[in-house]
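Trainee: I have a model open and want to learn how to read its interfaces. Where do I begin?

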Amino acid sequence: MKEKNCGVVLFYSNSAAIRAEKVTLEAGLAVKLIPVPRNLSSDCGVALRFDWDDRAEVEKLLEATDVPFNSICRI
Amino acid sequence: MIYLDNAATSWPKPPAVAEAMVRFLEQVGASPGRSSHRLSVEAGRIIYQVREDLAKLFNCPDPLHIVFGLNATEALNLALQGYLRPGDQVITSSMEHNSVMRPLRALEKRGVELTVLPCSGEGFLEPGLIEEAIRPNTVMIVLNHASNVIGTLLPVREAGRIARRNGLLLLVDAAQTAGAYPIDMERQNIDLLAFTGHKSLLGPQGTGGLCIGPRVDLERLEPLKRGGTGSRSKFEEQPDFLPDMCESGTLNAVGLAGLGAGVRFVLAQGLTSIRHHEARLTQRLIDGLRSIPGLTVYGSGDAHQQTATISFNIEGLLPSEVGLRLDEGYEIMCRVGLHCAPAAHKTIGTFPQGTVRFSLSLFNTEQDVEAAVDAVVKIAQEGKASAPYQSQCPLLG
């Protein structure tokens, strides 16, 4: 996954980030929990990095599985 | 050695529990939910999985609404002290453990109105009494799912229906039933479920928590503790979302790793099979004890109306003397006395002397039960004449 074509999901709670990782991995998406990029403010220390092409699917999955998240940003 | 003190702490544990704890200490070790390196994330994953496994076991609608703490006592204190305010009325039963009674008595001094419903001598609660006790300011019904003294099951399902019909919250103390008896938060209308990890969930001591249902007003729920959560770190105010708002300070991650293994063991065994085994042994134990002359066995006598916890007394002997003889003469471990539930003992008529309590787990066998009954037969036959501890005690005359 190239950094330049990635997005991150920011979360309020670390527990929600872990759940988001589980849900997206189970759906077969290529994701990784990374430290929140310094230029982005967030409530929790980890963010879920994903391929920007999967943006719609990631958002849909998180909403369908009731994972609370803060925002989605391109990095 | 026969361990019959599972209502206090279950033992032994499935080997997977210690293995998960060793694996955590040797290979993971880090703080969950704090740093963002791989070990911290892995610790977070291990703990999140425990939330999911518990949510499955209890049919809790949201795994993120399970907050971890030390035990059921801490969870009950969070629910009671965190939710009730002066002027509120709360309804409970006369079979409660002090983990419910003591916080409620303290809240009563601060202006919470407390109604304690009387139970029968066998520990049963007539659900109609709950409905009759409801007033305009009633906020919550608090019941233990089963007595820690005599195992009698309380009518949680009926209480849930009453709570829902009247717009009240139902808080269930599942210390004695989580992992041993089916619990379904949605079907039983349980809004707050307090559990401990170290009994029938087969985890280590120092693990437990509170499952918080969707009808609980989070704005009203005050955390017991405030502090670091690894989230909203630039703010000096406590987060207002679960589980973080009620999980300040580093969790007992190694303990929760063990709890997860215990819960998965329970899920793999299946509650039906665990319950079947325990009920069969319980009935055998009840029947065996009831056949002994000079013995009083408390409770209904019907294993299907209780957990695997049985209390009894031998005529002419103090519970403490019986416990000492069981340990020294037969290597049988049990608990004697009041079991932290004075109200329950007043209800069943054993206050203040208490009872001898045998409590089984899924690891006990028919041989254990037979050996325990045989030991009690012998102790009852020997009687007071050979009770050196008791006869030497000046306080007893």
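Mentor: Begin with polar contacts across the chain boundary. This is a predicted model, and both residues of a pair must reach pLDDT 80 or more here. Between chain B and chain A, 4 residue pairs in polar contact pass that rule.

Trainee: What kinds of residues does chain B bring to the side that touches chain A?

Mentor: A mixed set. That side of chain B divides into 7 nonpolar, 8 polar and 7 charged residues.

Trainee: How many salt bridges are there between chain B and chain A?

Mentor: The count is 3. Take one as an example. Lys22(A) pairs with Glu52(B), and their closest N and O atoms are 2.5 Å apart.

Trainee: And the extent of the interface? How many residues of each chain are in contact?

Mentor: Chain B contributes 22 residues and chain A contributes 17. Now read the area. About 1,500 Å² is buried between the two chains, with carbon and sulfur atoms giving 55% of that. Then ask who supplies it. On the chain B side, Ser36(B), Tyr48(B) and Leu64(B) give 32% of the area buried against chain A, more than any other three residues.

Trainee: Can the same reading be used inside one chain?

Mentor: Yes, between domains. Chain B is divided into domain 1 (2-8 + 270-396) and domain 2 (15-269). Their C-alpha centres lie 28 Å apart. The contact takes 32 residues from domain 1 of chain B and 34 residues from domain 2 of chain B.

Trainee: What area is buried between these two domains of chain B?

Mentor: About 2,500 Å², of which carbon and sulfur atoms give 59%. Leu271(B), Thr307(B) and Thr347(B) supply 21% of what domain 1 of chain B buries against domain 2, more than any other three residues.

Trainee: Which polar features link domain 1 and domain 2 of chain B?

Mentor: The rule finds 15 residue pairs in polar contact, both at pLDDT 80 or more. The salt bridge count between these domains is 0. Helix 10 of chain B gives the most to the domain 1 side, with 6 residues. That side divides into 14 nonpolar, 15 polar and 3 charged residues.

Trainee: One last case, a single residue. Is Asn189(B) buried or exposed?

Mentor: Compare its relative accessible area with the cut-off of under 20% for buried. Asn189(B) has 13%, so it is buried. Its place is the loop between strand 6 (169-173) and strand 7 (192-196) of chain B. Beyond its neighbours within four places in sequence, Asn189(B) is in contact with Gly160(B), Arg161(B), Arg164(B), Leu170(B) and Asp184(B).

Conventions
Residues are numbered from 1 along each chain as its sequence is written. Chains are lettered from A and ligands numbered from 1 in the order in which they are written. This is a predicted model: local features need pLDDT of at least 70, side-chain atom pairs count only at pLDDT 80 or more; totals for chains, interfaces and linings use all residues. Side-chain values use heavy atoms; hydrogens and water are left out. Contact means heavy atoms within 4.5 Å. Buried area is the accessible area (1.4 Å probe) that two parts lose on being put together, summed over both. A salt bridge is a side-chain nitrogen of Lys or Arg within 4 Å of a carboxyl oxygen of Asp or Glu. A polar contact is a pair of N or O atoms within 3.5 Å; within protein, one must be able to donate a hydrogen and the other to accept it, and residues adjacent in sequence count only if both atoms are side-chain atoms. Ala, Val, Leu, Ile, Met, Phe, Trp, Tyr, Cys and Pro count as nonpolar, Asp, Glu, Lys and Arg as charged, and the others, Gly among them, as polar. Helices (H or I, at least four residues) and strands (E, at least two) are DSSP runs, numbered from the N terminus. Buried means under 20% relative accessible area, exposed over 50%, partly exposed in between (1.4 Å probe, protein chains only). Domain bounds come from an automatic or database domain assignment.
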